[in-house]
There are 2 protein chains.
Amino acid sequence: MPSSFASQTYTARAAGFANDLAVQLLKLMDRKKTNLSIAADVTSKAELLQLADLLGPYICVFKTHIDILDDYDSSVPEALTALAEKHDFLIFEDRKFADIGSTVKAQYQSGVYKIASWAHITNAHPIPGEGIVHGLKEVGLPLKRGLLLLAEMSSKGTLAQGKYSMDTLAMAARNRDFVFGFIGQRRLPLDEPEKEDFLYLTPGVSMAQSGDSLGQQYRSPEQVVLESGCDVIIVGRAIYGAADPVAEAKKYQEAGWNAYLQRTRRA
Amino acid sequence: MPSSFASQTYTARAAGFANDLAVQLLKLMDRKKTNLSIAADVTSKAELLQLADLLGPYICVFKTHIDILDDYDSSVPEALTALAEKHDFLIFEDRKFADIGSTVKAQYQSGVYKIASWAHITNAHPIPGEGIVHGLKEVGLPLKRGLLLLAEMSSKGTLAQGKYSMDTLAMAARNRDFVFGFIGQRRLPLDEPEKEDFLYLTPGVSMAQSGDSLGQQYRSPEQVVLESGCDVIIVGRAIYGAADPVAEAKKYQEAGWNAYLQRTRRA
């Protein structure tokens, strides 16, 4: 089982984070007894807001792709923010920023979506080099936002692995005021004790499927939380595509939470 | 000087491409005597369309970041398309897709921007694995679009290099019907003859500056076209930020074209 951080409770770990939003998220998870995030990959605002209201009670993070909504308008962030307050969850725009610093700064702050103004969390690929973190930080830190870096991906043939993942870890460690964790499949490093604590949010979680035709690969909540030491399970189509999304969300919430209790030896 | 492909004219090389759009671009460049692309990183639609109309005569490709326009509406793609026809250039939305296949498919086709419906060219990071190419291809190929992969970046500390770049090249070679080239700083591979021809479009070109405070690094048209064997120079702030953008565009057009003539031994 990976690292000493993974064996501590979320609340106990909060003290080790420099980013305010990470502290908020860790406490929220224990308070609400959930490490489940829903990936709401729907294409209409009505569906998106309905999912947020319906599944809000069972999740810690609501993950959006705001740029696939066909009927987006500025009422969407307002309504989402109200639902986040009503149900006590954080909003994570899964933008996967991947450009140079000056460009991502504009993409994060401006444009139609003004992501920084409503998304508590966003994420970025480290490929362009550390300028991407600095550019996003200039916008996000004054707004008390937090950033995740993509250390690994869940898709087949991903190039984000090995030295790439370790370079990402080092980049995050140099920017702990803003970067509080990773999108990844397992805690890093694998071969030595972690020096600093980071949160790991893991997509590609499903209790039924093992893959799709476009290269996505799935793992179970137990594999992700217990074996790989990750903190938040991100579940998409497996929940919102189910006949009864609420029943399915509860099932994943329970599976993720039990794995966390086992990991922290409280179950 | 790199590879036998680089010493041929754009028109002669057209026969070696499987993607229709690449053929169109190569012929356009020789017809119009320009290998200049403008990176129009402006935040209002009026500025964007003004730049396209003003600089259209001197460029082969107009590169946009549609998601930084504060006042975007559906009239923008229509107006851009009309200007592309008027001035004979192609539109390249520099989206840097970077997600799994099913997600990029939706981001490319749907949402507010419907990028596939108006952008002749777009680009993607290969990090998620080949599913990203397949996802985009399902949308773009029926529309006769073309894709560039990011083999390298121009920013400081980029992780896109070495084996990463070679994996990208292999991914492109398996998808020549849709992928026709790269965003990169030099032709690949560096140590052996190229088996197949690809176009290289190179950002970070400036005749004056050497860098910005967020890690961007600049090189001259001669370095890019002559020394590194790239095909299209992408120039941003150095042109649209100048007191006289048209005069500056002409200067870059001439510098890029002369470097190409020298490379193909016609000057």
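Here are some short exercises, with worked solutions, on a predicted model with chains A and B.

**Exercise 1. Trace the sheet of chain A, and find how its neighbouring strands are turned against each other.**

Start with the strand order. In chain A, eight strands form a closed barrel in the order β1-β2-β3-β4-β5-β6-β7-β8, and their pairing is parallel. Next, look at the twist: on average, neighbouring strands of this sheet are turned by 30° against each other, direction ignored.

Now zoom in on one pair. Strand β1 (residues 36-40) of chain A and strand β2 (residues 61-64) of chain A are joined in the parallel sense by four bridges. Within this pair, Ala40(A) has Thr64(A) in β2(A) as its bridge partner.

**Exercise 2. Find which strands of chain A lie under helix α2 and which under helix α7.**

Take α2 (residues 20-32) to begin with. This helix of chain A lies across β2, β3 (90-97), β4 (121-124), β5 (146-150), β6 (179-183), β7 (199-202) and β8 (232-235), and it runs at about 130° to β3(A). Then turn to α7 (residues 163-173) of chain A, which lies across β5, β6 and β7 of that chain. The angle of α7(A) to β5(A) is about 165°.

**Exercise 3. Look at chain B: describe its barrel and the join between β7 and β8.**

Follow the strands around. Chain B has a closed barrel of eight strands, β1-β2-β3-β4-β5-β6-β7-β8, with parallel pairing. From one strand to the next, the twist averages 30°.

For the join, go to strand β7 (residues 199-202) and strand β8 (residues 232-235) of chain B: these run parallel and are connected by two bridges. Here Thr202(B) sits opposite Ile233(B) of β8(B).

**Exercise 4. Work out how the buried residues of α4(A) are arranged around the helix axis.**

Step one is the helix itself. Helix α4 of chain A covers residues 75-87, 13 residues in total, and spans 18 Å from first to last C-alpha, close to the 18 Å expected at 1.5 Å a residue.

Step two is to list the buried positions: Val76(A), Pro77(A), Leu80(A), Leu83(A), Ala84(A) and His87(A). Viewed down the axis of α4(A), these buried residues fall within an arc of 125°, so they line one face of the helix.

Step three is to check the face turned away from the buried side, where you will find the exposed residues Glu78(A), Glu85(A) and Lys86(A). The cover over the buried residues of α4(A) includes α2, α3 (45-55), β2 and β3 of chain A. To finish, step past the end of the helix: just after α4(A), Asp88(A) has a positive phi of about 60°.

**Exercise 5. Repeat the analysis for α3(A): which residues are buried, and what covers them?**

The buried residues of α3(A) are Leu48(A), Leu51(A), Ala52(A) and Leu55(A). Down the axis of α3(A), they fall within an arc of 95°, so they line one face of the helix. On the face turned away from the buried side are the exposed residues Ala46(A) and Gln50(A). Among the elements covering the buried residues of α3(A) are β1, β2, α4, α9 (237-240) and α10 (245-263) of chain A.

**Exercise 6. Which residues touch the most other members of the largest nonpolar core?**

This core has 181 residues, and the ones to pick out are Phe62(A) and Phe62(B). To see the surroundings of Phe62(A), leave out residues up to four places away in sequence; its contacts then include Leu48(A), Leu51(A) and Ala52(A), as well as Leu80(A). Compare these with your earlier lists: Leu48(A), Leu51(A) and Ala52(A) are buried residues of α3(A), and Leu80(A) is a buried residue of α4(A). As background, nonpolar side chains tend to be buried together in soluble globular proteins.

**Exercise 7. Is His65(A) buried or exposed, and what does it touch?**

First place the residue: His65(A) is in the loop between β2 and α4 of chain A. Its relative accessible area is 3%. The cut-off for buried is under 20%, so His65(A) counts as buried.

Then list its contacts, leaving aside neighbours within four places in sequence. From chain A they are Asp41(A), Glu93(A) and Asp94(A), and from chain B they are Asp99(B), Thr103(B) and Gln107(B).

Terms used: Residues numbered from 1 in each chain as written. Chains lettered and ligands numbered in written order. Predicted model: local features only at pLDDT ≥ 70, side-chain atom pairs only at ≥ 80, totals over all residues. Heavy atoms only, no water. Pairing = 2+ DSSP bridges. Axes fitted to C-alpha atoms, helices over the stretch in contact; angles between N-to-C directions. Core = buried A, V, L, I, M, F, W, Y, C linked by side-chain atoms within 4.5 Å. Buried < 20%, exposed > 50% of the residue type's maximum accessible area, 1.4 Å probe, protein only. Contact = heavy atoms within 4.5 Å. Expected span 1.5 Å × (residues − 1). Arc of directions from axis to C-beta.
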